[in-house]
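Visitor: I would love a close look at one part of this model, namely how the strands in one region pair. Could you walk me through that region and then set it within the whole chain?

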Amino acid sequence: MNNKLMNAATFRESLRDGMTIMFGGFMGIGTPALLVAEILKSGVRDLTIIGNDTGFTETGVGPLIVSGQVKKVIASHIGTNPETGRRMIAGDLDVELVPQGTLIERIRCGGSGLGGFLTPTGVGTVVEENKQKMVIDGVTYLLELPLRADLAILQAAKSDRMGNLLYSLTARNFNPIMALAADKVVAQCDQLVEIGDIEPDYVMTPAALVDHLYQGDNQ
């Protein structure tokens, strides 16, 4: 069995300018703070980030917004981070706002190899701009396209050494579905246990989807 543990230096080496990163979390809960800190430290720029929200200025992915490393945000809201709004209004940050249910389904499509899905959500609003519309049985739908990323960063409460993940309460949120929709998946795990210590029925993300585990170090 290959060792999936990754140190900070190796994680930073895997980053590059212009990449797309999905991040788990809801208002910062379930967002891997240690991995965000390493992205910040790496200095990579022109990032596109995909997640529910941009947290606060000091939590979640907020520090990446403040540092100016993010070029584009795809999220369901930005209201908790005034810096995101300021940069968007100033034209320094491209923000694509997506209804929350639509966002998770676009990610699910990306992870399932689907070409998109139809939804009535957003019809008649700014959400429909530049999107294909279809009428089925008299109902108008928008064609929403899938989302994928170069990297997904997740936060798990517990992992075994193979990478089977268990999330804590609401920190589960976007994390499991993002594990399907990225070329590389790195999970920050609060507790690392031996293989077999997590009962199969409790595994929320299987090890086959996880490329690397991270617990933090001083490198």
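Guide: Here is a walk along one set of paired strands, followed by the chain around them. This is a predicted model, in which local features need pLDDT of at least 70 and side-chain atom pairs count only at pLDDT 80 or more, while totals for chains, interfaces and linings use all residues. Residues are numbered from 1 along each chain as its sequence is written, and side-chain values use heavy atoms, with hydrogens and water left out.

Let us start at strand 10, residues 182-193, which pairs with strand 8, residues 149-160, in the parallel sense over ten bridges. Strands here are DSSP runs of E with at least two residues, numbered from the N terminus, and two of them pair if DSSP finds at least two bridges between them. Gln155 has Gln188 of strand 10 as its bridge partner. Gln188 in turn has a bridge partner in strand 11, Tyr214. Strand 11 covers residues 212-214 and runs parallel to strand 10, joined to it by three bridges.

Now for the setting. The protein chain holds eleven strands and six helices (DSSP runs of H or I, at least four residues). Its radius of gyration, taken over C-alpha atoms, is 18 Å, close to the 17 Å from the globule rule (2.2 Å times the number of residues to the power 0.38) for 219 residues, so the chain is as compact as a globular protein of that length. Along its principal axes, the C-alpha trace spans about 55 × 40 × 25 Å. Of contacts (heavy atoms within 4.5 Å) with a separation of 6 or more, 71% involve residues 24 or more positions apart.
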